[in-house]
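Please open the structure in a viewer and keep the selection panel at hand. The tour below proposes one selection after another and describes what each one shows.

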Amino acid sequence: MSVDDSQLGGTSVAAPQHVGDEPPVRPAGTKAPDDGDRWREALRRVTSGGWAVSLGAVVLAVLAGSVMIAVTDKGVQDASGYFFSRPQDTFSAIGSAVGGAYAALFRGAVWDFRADDFAGGIKPFMSSLNFATPLIGAGLGVALAFRAGLFNIGGRGQMLVAAAAAGWVGFGVDLPIVLHLVVAMTAGIAAGAIWSGIAGLLKAATGAHEVITTIMLNYVAFYLISYMLATPGLLQAPGSSNPKTPPMADTVIMPRLLGAQYKLNLGFVFALVAVVLVWWLLNRSRLGFAFRAVGENPDAARVAGIDVRRTTVSVMLVAGGLIGLAGTTQVLGTVTTGFSSDIDAGIGFDAITVALLGRSTPFGVLAAAILFGAFKAGGSVMQASENVPIEIVLVIQSLIVLFIAAPPLVRAVFHLPQPGARPKKRARRQPKEVAA
Amino acid sequence: MKKTMRAAVLATAAALVLAACGAAPEDENEATTEPGADETTPAETIDYKACIVSDAGGFDDKSFNQLSYEGTKKAADELGAQFAEVQSDSETDFQPNIDSLVAEGCNTIVTVGFALSAATVEAATANPDIEFVLIDDAADNDFNGEKDAENIKPLLYDTAQAAFLAGYLAAGYSESGKVGTFGGQPYPTVTIFMDGFKQGVDYYNEVKGTSVSVIGWTGSDEGSSFTGGFEANDTAKNTAAAIIDQGVDVLLPVGGPIYQSAMDAIADSGREIALIGVDADFYETDPSTQDLVLTSILKKMDVSAYDAVMAAGQGDVDYEAYVGTLENGGVGIAPLHNFEGKVDAALWAEVEALQEQIIAGEVEVTSYLNQ
């Protein structure tokens, strides 16, 4: 590690601080020295709170969603017009609006109680799992970065380049059946890893903050893909002038797991494998230990002999690869008829919520992704049968983030003590004991 | 004391207001007809369900999703049919959303935009009993010149014909000898406006021996002006400003709300520049454009979606592809409104004569739909 220290010294003109210390947006010495600690502590709390908080946030968000469904419902509005002459009308209207909406959500996401047999009844749950597939991969990518103290919001760009790479191999290259899928997936995952790795490298080499660089790379990816989709010979389908790719070759399409009637495909299995791999990586491997150590306290990690810069790059590479997996399953499993520039479907950002809700643990991410997949699948049915706007689902998802993330952030913004924080706790308890 | 008084007064007032809000409907029959039902309620309802699914733009895009939605909804209301709508957020939603509507028992499903083409073909093949109406695309994803499923009715619009008229009018109206256009993204459904516009200008030059030039459209995607999206943002404004700076005095922005950015750029330039609207008559749909809008190139998706759903609801299903033209009124040019005094009456008469010539086939307008 001494080699590394001397390298750091060499670049100290450009980057006066160690990378792990704090992003260089804060010039050294202009703020209180514990400022970085304050924000890092807030991020740590946001991303690794207790399970009760996650559950509570979901319950509260669903309750708030009920209020919105009731308020926007035409029947409720009409009945509340004469609330004082017959209040029971209003309550029954609220009941039927909210009850109907959530019944439809359940019917679209878990179990179709209108279906005749088990095969039809379970169809919505399979659809939920299918919607969850990319959220699992992308959620893992974001969660892993969280654990290393990095905020990867470049999921959109990483998914887009992964989709483009996997898609290009998928329709443009002629290969035998299993090999084709392997090559396409490798290309997709590698593309995602490289795209995210650029941000990691920039952070390691220059200290550029990953939030800024990953956002910028989102735009770069989007416009790059848009250009390629509009250019014959790159991604655009031959014979067409629409910005859309040709359909994937039959040899590369991920087979459906449980027959043609369910959309669930092999991508879900890969996502589950990724969950186990990330769990092993974080909890059983040396690399994962380094990730977590850097996330907890980069200074201590460096003192303990961990190369913080190399770890930053590795984290971003692995995170990008996981998000790349999500982009790959999108084009090889979900939308195989050719894709355009919104193939990321906002998953890069939903993944942040999934990682938060899942407490940045692999199995937590799995559970949160399935919940969000269920919201997605159910939202469509809720809209079609009860005429509830799809935005309600978005509101519920956003409120979940708000309920989880807001308290620690508010405390950090206003310099309030985080409850249970080690130094503050001692400072507060001592006078109490004296008084007692 | 004062506070209590104020609270008491407020409470009384509130109670009065709420009490005045209305009496409960007398009995159950009345309760179902009084609230919600409008004068559009027909005498009887029929056993038919019309449904619509949007693309990622949403039903409030002030463009093709919205127009298609309005047409479909109007037809469903007039038929007394059931109606359901589903909005898509991205392309991964298309297929599940169509599936949800199939499960809801829709008889006709209107899908909006070329982006839904593949998903529509898939659903149509799986559900041969349901009629699909696909707006703005021929449902030909293997490019063999035929639609890929029998039970799809494609609605297409040869807007180049209407844009041709607007181009002729703009060339005659322009004093600087330069007219401009720019688009959202180089989709065929966007460039068809720009291309028809240029053909109209060129035709004017040919007839009159003038040399009015078109800025922003070169005749192909290469070198033409696009904002890269369909949002009214700074990029759109800068694109518009770059064209205005080259001295144009008529501007045709093609692509949803980007005309709003064009209006900002026109206001910044301080010059008198006329705007040409697309899809709907801007003079009617957006009153803030009334001082600027010379005319609008109409693409009557509301009318054709309405016709298709009405026909289907009355049991008169046909899967013949519909192509909106000047002849059948599916495309057209809006009245001059405020510009009536500023446009030479002879020029407008020429435009009207030109319309007849195009319908009669004496003047040829080319587009990707008639190649």
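The tour begins with the two chains and then turns to a sheet and its helices. Please bear in mind throughout that this is a predicted model.

**Chain A**

Select chain A and colour it by secondary structure. The chain contains 18 helices and zero strands. Of its 436 residues, 50% count as buried. Among the contacts of chain A with a separation of 6 or more, 74% join residues 24 or more positions apart.

**Where the chains meet**

Display chain B as well, and look at the side that touches chain A. Here 31 residues of chain B are in contact with 37 residues of chain A. On the chain B side, α1 (2-20), β2 (82-86) and α4 (94-103) each supply at least two residues. The largest share, four residues, comes from α4(B). Colouring this side of chain B by class gives 18 nonpolar, nine polar and four charged residues.

**The sheet of chain B**

Next, hide chain A and select the strands β7, β6, β8, β9, β10 and β12 of chain B. In that order the six strands form an open sheet with mixed pairing. Which strands stand at the edges? They are β7 (213-215) and β12 (331-333) of chain B; each has a single partner strand, so one side of each is left without a neighbour in the sheet. On average, neighbouring strands of this sheet are turned by 20° against each other, direction ignored.

Now move across the sheet pair by pair. Start with β6 (residues 178-183) and β8 (residues 250-254) of chain B, which pair in the parallel sense over four bridges. At one of these positions, B:Gly183 has B:Val254 in β8(B) as its bridge partner.

Proceed to β8(B) and β9(B), which run parallel and are joined by two bridges. B:Leu251 stands opposite B:Leu275 of β9(B). To follow the chain between these strands, select helix α9 (residues 258-269) of chain B: the path from β8(B) to β9(B) passes through this helix, and the β-α-β crossover is right-handed.

Is β9(B) mostly covered or mostly open? It is mostly covered, with six of its six residues buried. On to β10(B): five bridges join β9(B) to this strand, and the two run parallel. B:Leu275 appears again here, with B:Val293 as its bridge partner in β10(B).

**Helices on the sheet**

Add helix α7 (residues 188-208) of chain B to the selection. Helix α7(B) lies across β6, β7, β8, β9 (274-279) and β10 (293-299) of chain B, and runs at about 165° to β6(B). Then add helix α8 (residues 234-244) of chain B, which packs on the sheet and touches β6, β7 and β8 of chain B. The direction of α8(B) makes about 160° with that of β6(B).

**Helix α11 of chain B**

Select residues 301-313 of chain B. This helix of 13 residues reaches 18 Å from its first C-alpha to its last, close to the 18 Å expected at 1.5 Å a residue. Its buried residues include B:Met301, B:Tyr306, B:Val309 and B:Gly313. After the helix comes B:Gly315, whose phi is positive, near 80°.

**A loop to finish**

Finally, select B:Gly223, in the loop between β7 and α8 of chain B. Why does B:Gly223 count as exposed? B:Gly223 has 9 C-beta neighbours inside 10 Å, and a residue with 12 or fewer counts as exposed. For a last view, add B:Asn97: its C-alpha atom and that of B:Gly223 are separated by 38 Å, and the two residues are 126 residues apart along the chain.

Terms used
Residues are numbered from 1 along each chain as its sequence is written. Chains are lettered from A and ligands numbered from 1 in the order in which they are written. This is a predicted model: local features need pLDDT of at least 70, side-chain atom pairs count only at pLDDT 80 or more; totals for chains, interfaces and linings use all residues. Two residues are in contact if their C-beta atoms, placed from the backbone, lie within 7 Å. Ala, Val, Leu, Ile, Met, Phe, Trp, Tyr, Cys and Pro count as nonpolar, Asp, Glu, Lys and Arg as charged, and the others, Gly among them, as polar. Two strands pair if DSSP finds at least two bridges between them. Axes are lines fitted to C-alpha atoms, for helices over the stretch in contact, and angles run from 0 to 180 degrees between N-to-C directions. A residue is buried if 20 or more other C-beta atoms lie within 10 Å of its own, exposed if 12 or fewer, and partly exposed in between; C-beta atoms are placed from the backbone. A crossover is right-handed if, with the strands pointing away from the viewer, the path from the first strand over the helix to the second runs clockwise. The expected span of a helix is 1.5 Å times one less than its number of residues.
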